[in-house]
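Colleague: I have the model open and want to go through the ligand site, then one helix pair. Can we take it step by step?

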Amino acid sequence: MKLEALPVSKGNYNLNSYEEVYQSFDWKEAEKEFSWSETGRMNAAYEAIDKHAESFRKNKIALYYRDPDRDEKYTFKEMKDLTNKAGNVLKNYANVEKGDRVFVFMPRTPELYFTILGAIKLGAIVGPLFEAFMEGAVRDRLDDSGAKVIVTTPELMDRVPFDQLPNLRHVVVVGENVKEDDFYIDFLSRFKESSKDLELEWVDLTDGLLLHYTSGSTGKPKGVLHVHNAMIQHYQTANWVLDLKEDDVYWCTADPGWVTGTVYGIFGPWLHGASNVIVGGRFKPENWYQTIEDYGVTVWYSAPTAFRMLMGAGDELVKSFDLSSLRHVLSVGEPLNPEVVRWGVKVFEKRIHDTWWMTETGAQIICNYPCMEIKPGSMGKPIPGVEAAIVDDQGNEVPPYRMGNLAIKKGWPSMMYTIWNNKEKYESYFMPGDWYVSGDSAYMDDEGYFWFQGRIDDVIMTSGERVGPFEVESKLVEHPAIAEAGVIGKPDPVRGEIIKAFIALRDGYEPSEELKEEIRQFVKKGLAAHAAPREIDFKDKLPKTRSGKIMRRVLKAWELDLPTGDLSTMED
Ligand code: 6R9
């Protein structure tokens, strides 16, 4: 269905005519924005921080930080010094060198950002983890990547299974009174005494920058590697899509454990020298509105699940804050419901601009630009320099309105460089015709707008978090009462999807409410709170293929009362 377009917003936009720029744009031109195109020396952290610290922006606020206990701000000059200090701690005490994998596993505090950028200054590859990860999730990621160092806090440290990680050399602990030895390093004390001067590691465009683990429907989470070259697209999209201007105060609500929190929580804004707001602590609607009011946030990037929760908190609440500073609001991570767009127009007098991309694409790909008419429910159009299409399973483009694989022509700058340790997996993303296949299904309308339909595989999106059913199932069957488990995403008006588990019990166990709760706690402690199934159904037997794979689409069909489709591969 085609929904009405909203009026084109007015303003001094960089991208005045989509069609014109789309036709003429060349990535080679964008590279000229960076000094390395002349010097050949580059480092994304230099481009994000040091460059501005050495310019007219040196005393401009780079970071506004706030959580329930802290309220701080840092200029670009201060950020340069502090990221250098963090780099020195990692270099001098943890022996971090170019190419090493350094993981960060800590709450969103300024120290997290100093550490990420400090590590990048050394040429290290940063692997960000969600605070919510439990031992198994931490182990898989550190093990697969051969991580050398993890930076964490005393509270989270117990979830790092040191004895199972032979490559891990140092744990850098950000907390008070940390006992040091050959293995543990006291970050705060070393940070205090470290020099503000650091010799930057100049790297090549294809040297590693970020390693984001993401879940598929089968197998363990995979490590998506991004290289320094990606920043060209981070920069360019922050220009076109985030529409950042010199005086903007920008707020991206995402945690760096999610790719949005690194690419658009760090690089997008800072490559532009923008003032960046970072808020720690838990989500509370009134705190969010207060943040916008207090800092005068002009550009705000969040996710449908958050907008839906704000919507749930009621329109009265919005009216008690002054949100008139807002100029541009954007969304990513899940389909943005048309009713949320309409709500945004009503309460903020702003259209929420949807953007589509993936961990693997490394930056925004299909977007609603500020200058574009929005069709609520559509993700928008591909950015200049990117060719997107809907293709069939052979890689042939299909006509408008026909549903198919959302595919991108290979060769955009921020495309994943590889999947860590898994060339085969990397290659499996591509189809004849040099198409990168997203795993999403969508269609394109006759005006070139793209409309999201769903995941082709079974990955669950719950409150903006991507959860692989296989990971949850694997955890479930570790429980002594559970014989088999199948996990699906069940549509939910607030969370996008909730996790529903179908469980076959071992002999001798009886279904009960207490057992359901015990199982929920088991997943919570073993994997992550967001991965615990909110709903559990006990079954005698689960539908499986002959080769033994649980057929989630059948579970989903049962749950939602839909046709089950082809059952020829199902076991008798
Ligand atoms: C950035 C990010 C990627 C998957 C993607 C798709 C879903 C993201 C969306 C969207 C509908 C949008 N997704 N943006 N679905 N509309 N605007 O989210 O990366 O965590 O890797 O997830 O998220 O299914 O394939 P990631």
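Modeller: Yes. Strands here are DSSP runs of E with at least two residues, numbered from the N terminus. Keep in mind that this is a predicted model.

Colleague: Which element gives the largest share of the shell around the ligand?
Modeller: A residue joins the shell if one of its heavy atoms lies within 4 Å of the ligand. Elements that give two or more residues are α10 (259–271), β14 (352–356) and β22 (450–455). The largest share is three residues, and it comes from β14.

Colleague: How far is the polar side-chain atom of aspartate 354 from a nitrogen atom of the ligand?
Modeller: Asp354 is among the residues that come nearest, along with Thr355, Thr359, Asp440 and Arg466. The cut-off for a polar contact is 3.5 Å. The aspartate 354 side chain places a polar atom from the ligand nitrogen at 2.8 Å.

Colleague: How much of the ligand does the protein bury?
Modeller: Start with the ligand taken alone, which exposes 530 Å². The protein buries, of that area, 98%.

Colleague: Which residue puts a side-chain N or O atom 2.9 Å from an oxygen atom of the ligand?
Modeller: Glycine 333 uses a backbone N or O atom, 3.2 Å from a ligand nitrogen. The side-chain contact to the ligand oxygen, at 2.9 Å, belongs to tryptophan 258.

Colleague: How many residues of the shell are nonpolar?
Modeller: There are 19 residues around the ligand. Four are polar and five are charged. The nonpolar count is 10.

Colleague: How are α5 and α6 oriented to each other?
Modeller: The axes of α5 (residues 76–94) and α6 (residues 110–121) come within 7 Å. They cross at roughly 70°, and the crossing is right-handed. Angles of 65 to 115 degrees count as roughly perpendicular. The two helices, α5 and α6, are therefore roughly perpendicular.

Key: Residues numbered from 1 in each chain as written. Predicted model: local features only at pLDDT ≥ 70, side-chain atom pairs only at ≥ 80, totals over all residues. Heavy atoms only, no water. Polar contact = N/O pair within 3.5 Å; in protein donor to acceptor, adjacent residues only side chain to side chain. Areas by Shrake-Rupley, 256 points an atom, 1.4 Å probe, with all protein chains shown as cover. Helix = DSSP H or I, 4+ residues; strand = E, 2+ residues; numbered from the N terminus. Nonpolar A, V, L, I, M, F, W, Y, C, P; charged D, E, K, R; others polar. Axes fitted to C-alpha atoms, helices over the stretch in contact; angles between N-to-C directions. Parallel < 35°, antiparallel > 145°, perpendicular 65-115°, else oblique. Left-handed = near helix turned anticlockwise from the far one by under 90°.
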